[in-house]
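Reader: I should like a close look at the salt bridges of this structure, and at the surroundings in which they are set. Please give one connected account, with residues and distances where they are available.

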Amino acid sequence: MLRHCSDARYVWNLCVEQENEWRPGRGKMPRFAERCRQLTEARDANPWLAAGSVTVQQQAVKDHAQAMRNFFSGTHQRPTWRKAGQHEGFRVVAVRPGDVRRLNRSHAEVKVPKAGWVRFRWSRPVPPGAKSFRVTLDRAGRWHVAFAAIPEPVQGTGTGEVVGIDRGVKVGAALSTGEMLTVPRLRGREAARLLRLERKLAHAKRGSNRRRDVKAQIARTKAREADRRKDWAEQASTDIARRFDVIRVEDLNIKGMTRSAKGTAEQPGKNVAAKAGLNREIGRSGWGRLVERLEDKAPGRVRKVPPAYTSQRCSACGHTARENRESQAVFLCTACGYACNADVNAARVIAAGHAVNARGGDAVRRPVNREPQLALLAS
Ligand SMILES: [Zn+2]
């Protein structure tokens, strides 16, 4: 299976290289069918390539074609090089019903080309009629198998109930109902251990066994945190999709927000350290994944609301002013005296779905990255 991973990576990187070599006037890029033909030629000329699985290699070409489609439709970045130890995995198609069989309550096995039967833990039922699966090896050294199936969308309540969700930096998300969803993170002792390991890594000699061991331990700890975050996003999104009909979220450009704050040599960025800290927090909060999964599970029921001033507008009277924000945590309306948790207030403004405008001459073109929180991080 490691061989399949390296084959898939090799073929993917060939596709990337081919795209990189393109210059105006060189004619069209080969498409999927043409690349498969080239792959056949390459296999004829290189016995070592022919020794690998043709399914795995072809699917790598297909994965790359899909990645290019995503790039041209603007939802994803341009596909880049795959690196050993980082992006390990391959896809198998044309799976027949007999290719997966249950062994006992906790285990099953699947037929992998050229590898034979591979046992896996039955963590959930394999969807009936699954035609393909993907095997991945994560950075913590764990193998995973995922069978492809498009699940039914989650049904809402049917009562037209609306919920607003505000991404918080301190907590994961606040709902307009007043609930707070906290993204799990490493516990105190785990975080301290990670810090210790990272210090150890800095002192370990390059290429030593010790360095390899420490690296693996760090990867396992980080994988644990990532698993918890992923699990949180899955559970929270299913719960919200079930309980409400219309889900309103801020239309935040996460990609733009998490862009490096360093700026360029001519135009150095401001508040670089604070923004880097905020970016790290956003990445860790799993917000992007939560919204993504909500859109998957409740298609057509997620609405994006313009984010301007949601943190400064009063959800009770609509008064919008900077001074309303008493602190990062507390919202206190200077007009009507309404007091509330700041994130919950913002979630309620989002639930109302107002296109909020600033009063008077307040700068309309202010960046939308929520200054009150930035200011607090800097201090
Ligand atoms: Zn008010």
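**Salt bridges of helix α6 and their setting**

Author: In this predicted model, the side chains of Arg229 and Glu225 meet in a salt bridge, with a distance of 3.9 Å from N to O. The two residues are four apart in helix α6, so about one helical turn separates Arg229 from Glu225. Both partners are enclosed: Arg229 is buried, and Glu225 is buried as well. Buried here stands for a relative accessible area under 20%, while partly exposed covers the range from there up to 50%.

A second pair has the spacing of four residues in helix α6. Arg243 forms a salt bridge with Asp239, and the closest N and O atoms of this pair are 3.0 Å apart. Because Arg243 and Asp239 are four residues apart in α6, they too are separated by about one helical turn. Their exposure can be given residue by residue. Arg243 has a relative accessibility of 29% and therefore counts as partly exposed; Asp239, with a relative accessible area of 33%, is likewise partly exposed.

Helix α6 spans residues 209–243, and Asp227 belongs to it. Asp227 forms a salt bridge with Arg142, the closest N and O atoms lying 2.8 Å apart. This pair links distant parts of the chain, since Arg142 is in the loop between β5 and β6 (143–147) and the two residues are 85 residues apart. Asp227 has a relative accessible area of 34%, so this residue is partly exposed. At 31% relative accessibility, Arg142 is also partly exposed.

Beyond these pairs, Arg187, Glu190, Arg224 and Arg228 are linked in a network of salt bridges. For the structure as a whole, the count comes to 22 salt bridges.

The nonpolar interior completes the setting. The largest nonpolar core has 23 residues, and those with the most contacts inside it are Phe90, Val100, Val110, Phe120, Phe133 and Phe147. At least two residues of this core come from each of α1, α4 (54–72), β1 (88–92), β3 (107–112), β4 (116–121) and β5 (133–137). Helix α1 gives the largest share, four residues. For Phe133, leaving aside neighbours within four places in sequence, the contacts are Phe90, Arg91, Val92, Val95, Val110, Lys111, Val112, Val145, Ala146 and Phe147. Apart from this core lies another, of 21 residues, including Ala233, Phe244, Val291 and Val302.

At the surface, Tyr10, Leu14 and Trp48 make a nonpolar patch of about 290 Å². Tyr10 is found in helix α1 (residues 2–20), and its relative accessible area of 36% makes Tyr10 partly exposed.

Helix α10 offers a further view of burial. Nine of the 11 residues of α10 (residues 342–352) are buried, so this helix is largely enclosed by the rest of the structure. The buried residues are Ala342, Asp343, Val344, Asn345, Ala346, Ala347, Val349, Ile350 and Ala351. The N-terminal end of α10 is capped by Asn341, which has a side-chain oxygen 2.8 Å from the backbone nitrogen of Asp343. After α10 comes Gly353, with a positive phi near 70 degrees.

Note on methods
Residues are numbered from 1 along each chain as its sequence is written. This is a predicted model: local features need pLDDT of at least 70, side-chain atom pairs count only at pLDDT 80 or more; totals for chains, interfaces and linings use all residues. Side-chain values use heavy atoms; hydrogens and water are left out. Buried means under 20% relative accessible area, exposed over 50%, partly exposed in between (1.4 Å probe, protein chains only). A polar contact is a pair of N or O atoms within 3.5 Å; within protein, one must be able to donate a hydrogen and the other to accept it, and residues adjacent in sequence count only if both atoms are side-chain atoms. Patches are made of residues with over 30% relative accessible area and no salt bridge: like charges are joined within 9 Å, nonpolar side chains (Val, Leu, Ile, Met, Phe, Trp, Tyr) within 5 Å. Accessible areas come from the Shrake-Rupley method with a 1.4 Å probe; for residues, only the protein chains shown count as cover. A nonpolar core is a set of buried Ala, Val, Leu, Ile, Met, Phe, Trp, Tyr and Cys residues joined through side-chain atoms within 4.5 Å. Contact means heavy atoms within 4.5 Å.
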